[in-house]
Amino acid sequence: MATTKKDELIVDEMSETIISAAEELAVVHGAKNVTVSKLLNTLGITNRVFYNRFHNIDEVLETIYTRSILKIRTELTADFGSADEFFEYVMKACLHTIVRSYETKMNFNHYIFEHDSLSKSNCDWWTGQIEKVIDIAKEKGFIKNVDSRKVSYSIWCFIRGFNADAVSRGIPKEEALDYYRYTFSFLLEGMRK
């Protein structure tokens, strides 16, 4: 059994089993309905088994959400050589992010708004990545000389807000992507040099 120095919590195969079971419960019932007692009943484990590994259910949900977001982040790469490739890349990257996060947000909608909405580090990471792509496009002369910081923040807000609204309204993913693609193309075209 492996343990961590911090708070001496156990990190082992059972920890992963608990995380997997919580994720399955979130998919079926939504994250706000995942409780320690539901996990205990689902897995047939005791309070002691759970609390030796986690402080509370929010810690488990945070782990699930963080893993999902990290997977989305690692799949992003800035690879384009022409203006057309840049605009195509941005659209595909945004759509890919929405697709990958749509199911996560469907299951973690309530949780995200209570926790991640307040996360400065998440905002800083995403706007920083978007800003890098915009700066590359400006250097290559693909887009107008825009304020990269303001545009990156606006794009981040648009993606995040659009996704949150579509999820909360229960708009089917394909329909949401169609609306997003249509509207976001106007913003991209407005930046074209």
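In which helix do D165 and R169 both lie, and how many residues apart are they? In this predicted model, D165 and R169 both belong to helix α7, which covers residues 148-169, and they sit 4 residues apart, about one turn of the helix. Their side chains form one of the 9 salt bridges counted here, and the points below take up this pair, then two further pairs, a network and a tryptophan.

**Salt bridges within a helix**

- D165 and R169 form a salt bridge in which the closest N and O atoms are 2.7 Å apart.
- The two partners in helix α7 fall into separate accessibility classes, since D165 counts as partly exposed at 33% relative accessibility, whereas R169, at 59%, counts as exposed because the cut-off for that class is over 50%.
- In helix α6, which spans residues 120-139, K138 and D135 lie 3 residues apart, about one turn of the helix, and their side chains meet in a salt bridge with an N to O distance of 3.8 Å.
- The 3.8 Å separation of K138 and D135 still qualifies as a salt bridge because the rule accepts a side-chain nitrogen of Lys or Arg within 4 Å of a carboxyl oxygen of Asp or Glu.
- K138 is partly exposed, with a relative accessible area of 23%, and D135 is likewise partly exposed, with a value of 27%.

**A salt bridge between two loops**

- R53 pairs with D12 in a salt bridge whose closest N and O atoms are 2.9 Å apart.
- R53 is found in the loop between α3 (47-51) and α4 (57-74), while D12 is found in the loop between β2 (10-11) and α1 (13-29), so this pair ties together parts of the chain that are 41 residues apart in sequence.
- Both R53 and D12 are buried, whereas K138 is partly exposed and R169 is exposed.

**A network of charged residues**

- Side chains of opposite charge can pair when their charged atoms come close.
- D84, E189 and R192 are joined into one network by salt bridges that share partners.

**A tryptophan in helix α6**

- W126 lies in helix α6, the helix that also holds K138 and D135.
- With a relative accessibility of 11%, W126 counts as buried because that class takes in values under 20%.
- W126 and R73 are 53 residues apart along the chain, and their C-alpha atoms are separated by 8.7 Å.

Notes:
Residues are numbered from 1 along each chain as its sequence is written. This is a predicted model: local features need pLDDT of at least 70, side-chain atom pairs count only at pLDDT 80 or more; totals for chains, interfaces and linings use all residues. Side-chain values use heavy atoms; hydrogens and water are left out. Buried means under 20% relative accessible area, exposed over 50%, partly exposed in between (1.4 Å probe, protein chains only).
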